[in-house]
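Me: I have a model open and want to learn how to read it. Can we go feature by feature?

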Amino acid sequence: MENNHYIPKVARIINIKNEVEGARAIKTFRTQFAGDDGFTHACGQSAMLSVLGKGESMISISSSPIEAEYLQFSVLKTGRVTSALHEMKVGDMIGIRGPYGNGFPIDKWTGKNLIFIGGGIGLAPIWSVLQTALGKKSDYGNLTLIYGSRTSKDLVFKEELRGIKQEMAVHLSVDNEEDRWEEYVGFVPNNLLDKNPSPENAVAITCGPPIMIKFVIKNLQDLGFKDDQIYTTVENKMKCGIGICGRCNIGPHYVCKDGPIYSWAELKKLPQEY
Amino acid sequence: MKKKRIGVFICHCGTNIAGTVDVKKVAEALSKHDGVVHSEDYVYMCSDPGQKRIVEAIKENDLDKVVVSCCSPNLHESTFRNAVKEADKNAFQCEIANIREQCSWVHPNMEEGTDKAIKITKTVVEKVKHNEELEPISVPVTRRALVIGGGISGIQAALDIANSGHEVILVEKSPSIGGHMIQLSETFPTLDCSQCILTPKMVEVSKHEKIKLLTYSEVQEVSGYVGNFKAKILKKPTYVDPDLCTLCDECTKVCPVVVESEFELGLTGRRAIYIPFPQAIPATYILDDTGCPGLLPIACGKCADVCDPGAIDFDQKPEIVEEEIGVIVVATGYDLYDKTNMGEYGYGKIPDVMDGLQFERLCSASGPTNGKIIRPSDLKEPKELVFIQCAGSRDPELHCAYCSKICCMYTSKHAMLYKHHVHDGQAYVFYIDIRSGGKGYEEFVQRTVENDGVLYLRGKVSKVFQDGDKVKVWGVDTLAGKDIEIDADLVVLAMAMRPSEGTEKLAKILKMSLDKDGFFSEAHPKLKPVESVSAGMFIAGAAQAPKDIPEAVAQASGAAAKAIGILSQERLYHSPMVAKVNKHLCTGCRMCVDVCAYDAISIKDGIAEVNEVLCEGCGTCSATCLRAAISVKNSTPYQVHEMINASLGG
Amino acid sequence: MEKILTKKALPQWLIKLNAYQIYAPVKKENHWSYEALDKPESIRLDHLNTIQSPKMIIFPQREVFFEFHNAEGNTLVMKEPASESSATVIFGVRPCDAAGVTHQDKVFDGHFKDLYYWKRRNQTILVGLACNTPPSPHCFCLSVGGSPHSTAGFDILMTELEDSYYVESFSKKGDTLISLAGDIFSTPKENDKKDKEKAHSDSEKKLKRHIKDLETVPPKLKDMFDSPLWEEESLSCIQCGICTYLCPTCHCFDINDEKDSSSPLSGKRVRTWDNCQFPDFTMHSSGHNPRPDRASRLRQRIMHKFNYFVTNYKAYQCTGCGRCIDKCPVGIDIIEVLEKVRDYGK
Amino acid sequence: MVALEDLKQEAKNVLEGGTVKYIIGYKKPAVGFMAVPAFFHKPEDLDALVWDPTCVHNLVLFLKDEKKKKLGQKEPDERPVGIVVKGCDSRAVNVLLQENYIDRENVYILGVSCGKTGMVDLKKVRKYFKGKIISQIDFNENESFTVTTTEGKVEVPAADIFAVRCTECITASPVIHDVLLGGDSVRTPENPFGSLEEMESKSQGQKWDFWQEQLTKCIRCYACRSICPMCYCDECVVDTINFAVYPDTPAEEKAQKIKWVEKSPTTSENFIYHMVRAIHLAGRCVDCAECERACPMDIPLRFLNKKLEKESKKLFDYDVGYDTEIPSLISSFRDEDPEDFIR
Amino acid sequence: MTEEFEPKIVAFLCKWCSSAGSDLAGVSRMEYPSNVIPIQVLCSGSVSPLYILSAFNKGADGVLVSGCHPGDCHYIKGNYYSRRRIALLKELLNFIGLEPERFKMSWVSAAEGTKYTEVIKEFVDELKPLGAQTKLRRNG
């Protein structure tokens, strides 16, 4: 059948990077489609990754659309599919379908200061938009990243972070004191207050654990950010990815199709079901 | 985490495997199996070069796990696990696929054999894939033993263990050690004096610096597990300080109370303050507070008045002694089945019907009659004496189903001894059949019949009753086929042996199981006759089943050897393939606790908890658990599921 | 097209439709169910509500999306199964169930078209039967925008008259079905038409159950997300899947891989119905569950049907068939729940 | 016979006095005549309490919810829950006690005796009263029911409309209770496993044909599992994912969730599901037959459990739900357990 | 000529008796059909009914559970629990119409190599006329 949304396209893993080791391991995969794929995505969109025999998992695309050579996914090992992904090696084949979701409204952000606030694996969806903004730096005002995790070992994109420090403000944090850690110690929302970004002509984009998002939004509001200046992403269990199978809804919205990116102005009107 | 890399090694075993299994094909098929990154075959995998290949392959191919397809795991599992260890891998990352005994040797068709060998190997690959890395569980050993019961078995076990250099706590519930053996007159078949051969051992116990003797004491509580038990022992007050007592016997002379003597089985009396028997160990008097007119307040106190050394101490209190030990030997012995159970033989009410042990005392030179055989009712010498065998034994309907084993022999001995004492007397023995297996036993019985003219009557006695001053015995002689009536002067019942009083209570304390007759169960009837089901607990003597002295001694030494085996180690190692609880799934239904043969599972805060030291990893709990909340490490349902899949070619 | 078909002639019509796979209600020991009809003469159209609606045919509980295997050279092959469906006629469909199909059409025709659904749907012809008497004691179609003689979703609707059926076709597909046996149909007379209309209006009066002012419920629901009502109403809910699986409108599904072999890998990706009353429906693999309890799941069911669906598709996702009420093992009655919502705070 | 007023009074006493936190009982539905489960939190609500032959539900089921709710609370109300319990249901209480799932002090049991009859079978009632609208069914002192329809009251022999399981019941009165209403009623059915005989006499092929047809119908709504007081596992073999997931649950454990049964409702998977369920209920099922009643697809599920109940009795002399102190059927054995099937 | 049907059998053998008995059959070079794939378990008591059902589900034509004789269990009493559990499962499978021949239990001691081969031979002979097991088999 033409346009059968349920059959994934075959892609090859071309690169694997260990981001975080241990029980909550994170790996970053780069994939390339076998043939011409016609796959174009927007920042913040996700894709359904298939490990055949295990199932599918919705993972946000962490590469920027301007990087057309490959798709990049950072995956936290948590269940059947992600564990199988973590066992894969370069050259192995996976299935990909998508892209799904609404993406960040970056067209509306031209000329604005962008403040990215991330925690843990939450940097992944931010990364695509951050890379895009860095790629067209002249289109935007100041770029700032406030990012943290429990320990320095749990930070993703460690090398890349060092790289972008030259081009934008990067404020890292870890939850507790560590040897040789010279940056901020404390939770991400506190680091945000500490860095005190101005709401003037700014958009804040936050992604991370729900508890972090909750306090980041509160602190942003305290800093004077309006609800429509705050963007965040929502996660729910998904299966079809195309708004039919019925499980990812929050209110009348299907996160897979209508989300996962919401401004706080939109999201706060929806029921707390995520 | 990367995907685990598995190596497969197919052994030719010369032509033993390669003769009927195409080993190249097996190696080739396995090389394509999911997870397998290295697959090779070799002529003798277990040879030094073969093992070396494994070690090298692990290093070269960065293998995480190894399957060796070869002979039965019973043969070379440890060989290959050691090889894997040599390559710095965990031994439990190696599994054996049996393609010899269970394949090549039984399937001569090459095609069939090869196909099956592939499936067997794949099945084992699926198992090893999900094996955890495990280390043997190690526990320190408290190098002391507890021996419960101070009869000949307990004495023997205590001496053997103590002589190997380990401390022993010997607990006996009565005031002296010696057990039933010390009550016997002579022993079959050699007729040597029982007391003469036992007392040296008793003295040795009392003098042994490694033995701590606790008489008049009972084990009340035992906790812990093999190597690390804790016991609470109740020491009852004797009111006499054994160190001060000089055995002068002045106290008994003034004691106004007479009660039946336990040692003499009621054939005579003793005072409330007494020594159980002259050779008692510990050699001291004790005051029986149930017989004494009163201690609180002191009602009489005469004994203390006459005790020059001041050994009597009315203020003694029960005392709880706590001991830490590593092993326990249970040697609690037997008691005789109670005569009062025997309605057909007068419920024990006829004065001239006695049991075998009483007759022993009657024959004993140190007994109540100084070895003169006279009957209790009128102290006359019995001229017609009837022995009845199988009194209570081999009678599944009414009494004990089992054979008490020693009665044939001691009855024969009794009859012989009687004839030695009363030359003009006639002894009759009613028997079902004569069981005289044992060194010199059959000859002994023949001597009784032939030399001493004891009349053996094959048949049962239907009734025994008082008839004037005679005891009338009605029986049948089934060989002659006629009824028999004997006007006996004395009747001796060879009563069945029962587990000693308190066995059931002790079994509960030790969490040891009893067999259907109430004796302690051995772990295996053939191969583990001295071990109990519980690790670190051993059984000796008649506590396990009726047996005679040499058997009891042999088993006691066996139990001691097993105990020493544990005590001689500083730490115990135990297979780490033990049950593990998923506490999130457990609801505390206790089914696993019920089925565990090792008492390894308990419920703590409503959730099952496994004592890894006790767990043998059999997995019965896991198959019983409805909630899949318990499984055995490296034998998990997930592994079995994958193995089933692989075995069927999935 | 409007025709008259005598009751006796019904089997003959079916015989003419031998090119189609025909499903019709079949009487079982204690219930009715749709089954492939192998003997046309055995057709009976006096059926009560079938346990399952024709949803089970158009949107089957299990559907293979594709078969997959690992091929030589570390490549993945995915292949759709060979088409098994042929043109299908479902006979005796009740108007509520046809309405259910129209609701599912909306869902599967969203931004992304569900081709598996449409392949079957496009090959299916729905021949309905107006309900002269309510087929279930819990019918309440009138309250949710339907009626016992609603034509929505039908290619053909038949109305039972004394000795005949009044047959109305609303689509080309329906016309074709009639024309395949043109000679056994006759043209309706004026009194036939009157009889039909009378049957229709009488049937409405026979409905026992109604919800007044249902239109006030959707707006009200918008503010009732945090209401304690859900906890109260769900106390006896056992969280089974009866209400949703039997519902002619519920469309939620799951996708799973079923392996035939692990090594070499082969298997199928399969769609199965799923349902919002099961706890695993929304549970994240982290263990977090946005709908952690039965109250939140009952709320989802009501909200979806009478709030979210209304927002998205301008219709109630309920056709008043009464199955969920009839079959609920603990007597949860959606009408009662809706009335409580309606009257909440009054 | 239980006087409803007595039951209400007993319930009121314990609810008013605060002995129990609430009472699980029965009430009339908004429409129809079959009683539905009801939760009474206030004494005045108890006016709605009913007890009649339509009180089919085994309310013991709700003790699962109560337990799970309590586990989630920091300072739970430790008072017992009052629960109306029939003879069969009382054995379910006993099984839960035997399995330490609940404590005796968690429940206050208002025992009600079924007297000489039992519960009606809705399917039989519907057949018997084709199309008539029933408003009420009542117990009688004899072996009959009084059925009130729009056409008036009629007396119906119990045998015509009551559940098969009730004809095979030997515990018409609760075996455990705090109060007992309606007195002890002893029932000695001629053949407590009679309903199985027809099935057992079938040939192997006929049995398979029967069950294939029945179980192929299964839509895996899991109503049988959900309504069963014994199915209290947090995770079931048919679940596709782990439910007992906590922050400390490793990804491997979730990845290794075994798919014993696929979600597809195909014949084979349905069989495995129902076989596992039957086996897991062996020695635990009290024949409340709620699974069969709840089944929307009309599958005679009770047969499976009844068969194992029969074999447990025949082979192992095991009775379910009488003695809470003995080990369960499958966590015990006797030396003389039959083994003639073993080679 | 049609090829004779070769049943696929999964055998759960306890390590101490039945697997050892099977080893003995090997050591004694006793020939028997190759239709059985053994899965060694520590004790027959660890064989959950789920394993047996799962084997049928995955395509086994026959399933064998073999353990130590009563009283001889290496783990004291695991085989007694197994005996009870399997009796129930057997009754159940029989009740739903699965051919009773397809599911077997045996006691095979470590000394009974001969018996092991007999059990397998008999089992294969009984299964051959039944043909493939499709009743509980997935996609069957």
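**Helix packing, chain fold, chain contact**

Reply: Start with a helix pair; bear in mind that this is a predicted model. Helix α6 (residues 152-163) of chain B packs against helix α14 (residues 549-567) of chain B at an angle of about 35 degrees, and their axes lie 8 Å apart.

Me: Is the crossing of α6(B) and α14(B) left-handed or right-handed?
Reply: A crossing is right-handed if the near helix is turned clockwise from the far one by less than a right angle. Here α6(B) passes α14(B) in a right-handed crossing.

Me: Which residues meet there?
Reply: From α6(B) they include I152(B), Q156(B) and I161(B). Among their partners in α14(B) are A552(B), A556(B) and A563(B). The contact of α6(B) with α14(B) divides into 11 nonpolar, four polar and one charged residue.

Me: How compact is chain C?
Reply: Compare the radius of gyration with the globule rule. Chain C has 22 Å, close to the 20 Å given for 346 residues, so it is as compact as a globular protein of that length. Chain C holds 12 helices and 12 strands. Of its residues, 51% count as buried. Among contacts in chain C with a separation of 6 or more, 74% join residues 24 or more positions apart.

Me: How many residues do chain D and chain E give to their contact?
Reply: Count each side. Chain D gives 28 residues and chain E gives 30 residues. On the chain D side, α8 (204-216), α11 (267-281) and α13 (302-316) each give two or more. α11(D) gives the most, with seven residues. The side of chain D that touches chain E has 19 nonpolar, three polar and six charged residues.

Methods
Residues are numbered from 1 along each chain as its sequence is written. Chains are lettered from A and ligands numbered from 1 in the order in which they are written. This is a predicted model: local features need pLDDT of at least 70, side-chain atom pairs count only at pLDDT 80 or more; totals for chains, interfaces and linings use all residues. Two residues are in contact if their C-beta atoms, placed from the backbone, lie within 7 Å. Helices (H or I, at least four residues) and strands (E, at least two) are DSSP runs, numbered from the N terminus. Ala, Val, Leu, Ile, Met, Phe, Trp, Tyr, Cys and Pro count as nonpolar, Asp, Glu, Lys and Arg as charged, and the others, Gly among them, as polar. The radius of gyration is taken over C-alpha atoms; the globule rule is 2.2 Å times the number of residues to the power 0.38. A residue is buried if 20 or more other C-beta atoms lie within 10 Å of its own, exposed if 12 or fewer, and partly exposed in between; C-beta atoms are placed from the backbone. Axes are lines fitted to C-alpha atoms, for helices over the stretch in contact, and angles run from 0 to 180 degrees between N-to-C directions.
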